[in-house]
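Subject: Structure for your review

Dear colleague,

Please find below the structure that I am handing over to you. My notes on its aromatic residues follow directly after it.

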Amino acid sequence: MKPVQFLMQQIIQFIKRYPFTTVLILGIWVVCLIPIPETPLSGVTLIDKWTHVALYTILGCCIWIETVHSRQKLSNKQLFILTFAAPIIMGGLIEIVQATCTGGNRSGEWMDFLADSIGVVLSLLIGILLATYLSKRKKDS
């Protein structure tokens, strides 16, 4: 199998296993790259950072839920990459793209990347609690 075909096959499998996560990822990319108009919330201190924390917490929780729902057996390494490394890398890539490809409409910031990472860590904690709860529940039945 050619590398491009293999990559496309992996992408299609991911979309089938993680449809809500896929939509959320696309939504995050769109929201992070379009110019954001002024809103009544613009005056809230650090609203942008809180938004990043919320988006990445929801993204991570969505990944955890869809992983559990798919009953997919993942190694610890695969689980780490999917639930921790990949969202943080995505957050970093978005900040780089904002800084270099939006023509000044958006600016990549280290604090946004930090907020993304905090959201991922929060979702990791929630995911670990969810997995622990479900495994104990499974043992009890």
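Does Phe14 count as buried, exposed or partly exposed, and at what relative accessibility? The model is a predicted one, and in it Phe14 has a relative accessibility of 27%, so this residue counts as partly exposed.

The search for aromatic pairs covered the whole structure and returned three of them. In one of these, the ring centres of Phe14 and Tyr18 lie 4.9 Å apart; the planes meet at 25°, so the pair is stacked, given that planes under 30 degrees apart count as stacked. Tyr18 has a relative accessible area of 3% and is therefore buried, because the limit for that class is under 20%.

Trp110 and Phe113 form another aromatic pair, with 6.1 Å from centre to centre and 80° between the planes, an edge-to-face arrangement. Both residues belong to helix 5 (residues 110-140), where they are three residues apart, so about one helical turn separates them. Trp110 is exposed, its relative accessible area being 72%, whereas Phe113, with 23%, is partly exposed.

A further residue to consider is Trp29, which is located in helix 2 (residues 19-33). Its relative accessibility is 23%, so Trp29 counts as partly exposed. Leaving aside residues up to four places away in sequence, Trp29 touches Met90, Leu93, Ile94 and Val97. For Trp29 and Ile94, the separation in sequence is 65 residues, while the C-alpha to C-alpha distance is 7.1 Å.

Yours sincerely

Key:
Residues are numbered from 1 along each chain as its sequence is written. This is a predicted model: local features need pLDDT of at least 70, side-chain atom pairs count only at pLDDT 80 or more; totals for chains, interfaces and linings use all residues. Side-chain values use heavy atoms; hydrogens and water are left out. Rings of Phe, Tyr and Trp (its six-membered ring) pair if their centres lie within 6.5 Å; planes under 30 degrees apart count as stacked, over 60 as edge-to-face and the rest as tilted. Buried means under 20% relative accessible area, exposed over 50%, partly exposed in between (1.4 Å probe, protein chains only). Helices (H or I, at least four residues) and strands (E, at least two) are DSSP runs, numbered from the N terminus. Contact means heavy atoms within 4.5 Å.
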